[in-house]
Amino acid sequence: MGIVGEKLNIEFVISTGDNFYEDGLEGVEDPAFYESFVNIYTAPSLQKIWYNVLGNHDYRGDVEAQLSPILSQKDSRWVCLRSFILDAGIVEFFFVDTTPFVEKYFTDPEDHTYDWNGVLPRESYRAELLKDVDSALVQSKAKWKIVVGHHTIKTAGHHGNTQELVELLLPILKSNKVDAYINGHDHCLEHIMDKESGIQFFTSGGGSKAWRGDIQPWNAEELKLYYDGQGFMSVQISETNADIVFYDVFGKVLHTWSISKELKANA
């Protein structure tokens, strides 16, 4: 990642959640913050801001710890909020807190304990969030709109599609003509092009543990990449082009994809 980051002269890094395994952080002093973040991403090119969303594993720990400014004091790269917008000029990234959408974490948490402080009552939290995402996308003047969340919307991977997001979030992405949705959750690298809506679905969940051979059938015309190993992806965006590249852990290119847009003349 460091080598690729240097070549591309990256401006920032995005993490798609499940930042700390298995059960998030125990508090702001949890050594996992150093063991899984500070002391891992040491390359000079990665000393940029990291924009993080929360995953379901993060909700099994102290959520407020990850959101705390104390972590940013320990490492100024760290930015983590539940949901937020990153305005990068020609592109806007809309980060969505997807864990509270998933029914089973509330009704059948198995032997896990989730930290729902700040999320309950769940229905109003969810409704408010959907309203905010829709309104932000409607108001956005950005040339490119990319939504980031932890959970899958379309995937041939282990978890399958997150039905709650398909029903509640996907219609908002479609109506606002979002360019791409980037997620983690499935431990693989994947690209699905939705023929109907034109939305690109990118899974970048290969940052640690990967699930070898765990793939479900998917329309071959839509499934452009499924890699069941570790790796990462890069996105370079200009006024007219978005170039996406997936890499394995050694930096070998696994897949590239380009999206083009017309330059509109200002009236």
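Rings of Phe, Tyr and Trp, the last taken by its six-membered ring, count as a pair if their centres lie within 6.5 Å. The structure described here is a predicted model.

## Aromatic residues

F20, F33, Y34, F37, Y41, W50 and W78 form one aromatic cluster. Across the whole structure, a search finds 21 aromatic pairs. One of them joins F33 and F37, a tilted pair with 5.6 Å from centre to centre and 35 degrees between the planes. Both residues belong to helix α2 (residues 32-38), where F33 and F37 are four residues apart, about one turn of the helix. F33 and F37 are both buried.

A tilted pair is also formed by Y51 and F95, with 6.4 Å between the centres and 40 degrees between the planes. This pair links distant parts of the chain: Y51 lies in strand β2 (residues 49-52) and F95 in strand β5 (residues 91-96), 44 residues apart. Y51 is buried, as is F95.

Two rings have a charged group over them. The charged end of R122 sits over the ring of F106, at 4.5 Å from the ring centre. For K209, the charged end sits over the ring of Y21, 5.9 Å from the centre of that ring.

## The seven-stranded sheet

Strands of a sheet pair through backbone hydrogen bonds, in either a parallel or an antiparallel manner. Here, seven strands make an open sheet with mixed pairing, in the order β4-β5-β6-β7-β9-β8-β10. Its edge strands are β4 (84-87) and β10 (223-227), each of which pairs on one side only. With direction ignored, neighbouring strands of this sheet are turned against each other by 15 degrees on average.

The table gives pairings within this sheet, with one residue pair for each.

| Strands | Direction | Bridges | Residue pair |
|---|---|---|---|
| β4 and β5 | antiparallel | four bridges | L86 and F93 |
| β5 and β6 | parallel | six bridges | F95 and V148 |
| β6 and β7 | parallel | three bridges | V147 and Y181 |
| β7 and β9 | parallel | four bridges | Y181 and F201 |
| β8 and β10 | antiparallel | four bridges | H191 and L225 |

Y181 appears in two rows: V147 stands opposite Y181 in β7, and F201 in β9 is a bridge partner of Y181. F95, which forms the tilted aromatic pair with Y51, has V148 in β6 as a bridge partner.

Strands β4 and β5 form a hairpin with three residues between them, in which G89 takes a positive phi near 85 degrees.

How many residues of β5 are buried? Six of its six residues are, and the strand is mostly covered. V91, F93 and F95 point one way from β5, while E92, F94 and V96 point the other way; all of these are buried. In strand β7 (residues 180-183), A180 and I182 point one way and Y181 and N183 the other, and again all are buried.

Helix α6 (residues 122-139) packs on the sheet and touches β4, β5 and β6 (144-149). The direction of α6 makes about 175 degrees with that of β5. R122, whose charged end sits over the ring of F106, falls within the residue range of this helix.

## The three-stranded sheet

A further open sheet has three strands in the order β1-β2-β3, with parallel pairing. β1 (12-15) and β3 (78-80) are at the edges with a single partner strand each, so one side of each has no neighbour in the sheet. From one strand to the next, the twist averages 20 degrees.

Three bridges join β2 to β3 in the parallel sense. Among the residues involved, N52 has C80 in β3 as a bridge partner. β2 also holds Y51, the residue that forms a tilted aromatic pair with F95.

## Cysteines

A disulfide is a covalent bond between the sulfur atoms of two cysteines. How many disulfides does the structure hold? The number is zero.

Are C80 and C188 buried or exposed? C80 has a relative accessibility of 5%, and C188 has a relative accessible area of 0%. The cut-off for buried is under 20% relative accessible area, so C80 counts as buried and C188 is buried as well.

Definitions and conventions: Residues are numbered from 1 along each chain as its sequence is written. This is a predicted model: local features need pLDDT of at least 70, side-chain atom pairs count only at pLDDT 80 or more; totals for chains, interfaces and linings use all residues. Side-chain values use heavy atoms; hydrogens and water are left out. Rings of Phe, Tyr and Trp (its six-membered ring) pair if their centres lie within 6.5 Å; planes under 30 degrees apart count as stacked, over 60 as edge-to-face and the rest as tilted. Buried means under 20% relative accessible area, exposed over 50%, partly exposed in between (1.4 Å probe, protein chains only). A charge sits over a ring if NZ of Lys or CZ of Arg is within 6 Å of the ring centre and within 35 degrees of the ring normal. Two strands pair if DSSP finds at least two bridges between them. Axes are lines fitted to C-alpha atoms, for helices over the stretch in contact, and angles run from 0 to 180 degrees between N-to-C directions. Contact means heavy atoms within 4.5 Å. A disulfide is a pair of cysteine sulfur atoms within 2.5 Å.
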